[in-house]
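Q: Please take a close look at one part of this model. I would like to start with the sheet, then see what surrounds it.

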Amino acid sequence: MSIVDDMNWRYATKEFDSSKKLSKEQLDGVLESLRLSTSSFGLQTWKFLVIENDSIRKELLEHSWNQKQVVEASHVLVLCIPTDFGADHIQRFIESTAQVRGETLESLDGYKKMMEGFVSRKDETALNIWMTNQVYISLGHLLTACAAMKIDACPMEGFISKEYDRILGLEEKNLKSVLVCPIGFRSENDKYATAPKVRFPREELFIHI
Ligand SMILES: Cc1cc2nc3c(=O)[nH]c(=O)nc-3n(C[C@H](O)[C@H](O)[C@H](O)COP(=O)(O)O)c2cc1C
């Protein structure tokens, strides 16, 4: 199957078959794809919660615009940004780069200073927007990876971040929820599965120069 077939196969799943669960291998594949997402400077300013617990999911439902994917999917992923991002994170990333690539910390000093400079020019709001943008990129990876693995997913902005943060104890973990993505397998009854895709035509989208 081509990637275009995968893109046509996937859709924002409204009804999941709650009797179908991802195998450990499937979940591992999804999470590894998320881990491999690209990010600005490679800094990976994100964390992902993987929720299976039914009672927590029931609690989240009313703060998810009652979108039942949250309780019916196999797993619910909550994509978060850190609230304590700073020099420590950059240092940890530099150390990790040095270790993985067998480079010295000194050789990475210019890169480190460049990142520190970039970050220091942003106020808190700008920094949060920038980190949030990174999370949206990871969502793109997640959706594409799921499609390639024939796993259904529903990207969701329709939830109340503050309530998620409270229920999931994210403040104590120095995190803030940005996006939600239930994953699992579509129900036979989901009429959206066969609905034609609504997309503007190519000639409106692409400007060839
Ligand atoms: C960032 C983002 C947030 C979304 N939030 C929701 C949501 O809360 N609930 C929902 O049912 N669909 C949500 N969607 C799904 C979109 O409505 C859907 O992707 C779009 O209509 C295109 O359809 P398709 O993905 O099925 O091809 C969201 C999509 C994105 C990318």
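How many bridges join strand 1 to strand 2, and do the two run parallel or antiparallel?

A: Five bridges join them, and the strands run antiparallel. Note that the model is predicted. Strand 2 covers residues 75–82. One facing pair can be named: F48 stands opposite L79 of strand 2.

Now the whole sheet. It is open and has four strands, in the order 1-2-4-3, with antiparallel pairing. Strand 1 (47–51) and strand 3 (152–153) stand at the edges. Each has a single partner strand, so one side of each is left without a neighbour in the sheet. In general, strands of a sheet pair through backbone hydrogen bonds, either parallel or antiparallel.

Next, the setting of the sheet. The protein has nine helices and four strands. Along the sequence the pattern reads α-α-β-α-α-β-α-α-α-β-α-β-α. The C-alpha atoms fill a box of roughly 60 × 50 × 35 Å, taken along the principal axes.

Among the helices, take helix 2 (residues 24–35) and helix 7 (residues 124–148). They pack at an angle of about 145 degrees, with axes 9 Å apart. The crossing is right-handed. From helix 2, the contact draws on V30, S33 and L34. Helix 7 supplies S138, H141, L142, A145 and C146. Of these contact residues, five are nonpolar, three are polar and none is charged.

Helix 5 (residues 87–101) offers a check on length. At 1.5 Å a residue, its 15 residues should span 21 Å. The end C-alpha atoms are 21 Å apart, which agrees. G102 follows helix 5, and its phi is positive, near 65 degrees.

Last, the ligand. The residues around the ligand are Y11, A12, K14, Q67, C154, P155, M156, E157, G158 and K197. By class, this shell has five nonpolar, two polar and three charged residues.

Conventions:
Residues are numbered from 1 along each chain as its sequence is written. This is a predicted model: local features need pLDDT of at least 70, side-chain atom pairs count only at pLDDT 80 or more; totals for chains, interfaces and linings use all residues. A residue is near a molecule or strand if its C-beta atom, placed from the backbone, lies within 6 Å of it. Ala, Val, Leu, Ile, Met, Phe, Trp, Tyr, Cys and Pro count as nonpolar, Asp, Glu, Lys and Arg as charged, and the others, Gly among them, as polar. Two strands pair if DSSP finds at least two bridges between them. Axes are lines fitted to C-alpha atoms, for helices over the stretch in contact, and angles run from 0 to 180 degrees between N-to-C directions. A crossing is left-handed if the near helix is turned anticlockwise from the far one by less than a right angle, and right-handed if clockwise. Two residues are in contact if their C-beta atoms, placed from the backbone, lie within 7 Å. The expected span of a helix is 1.5 Å times one less than its number of residues.
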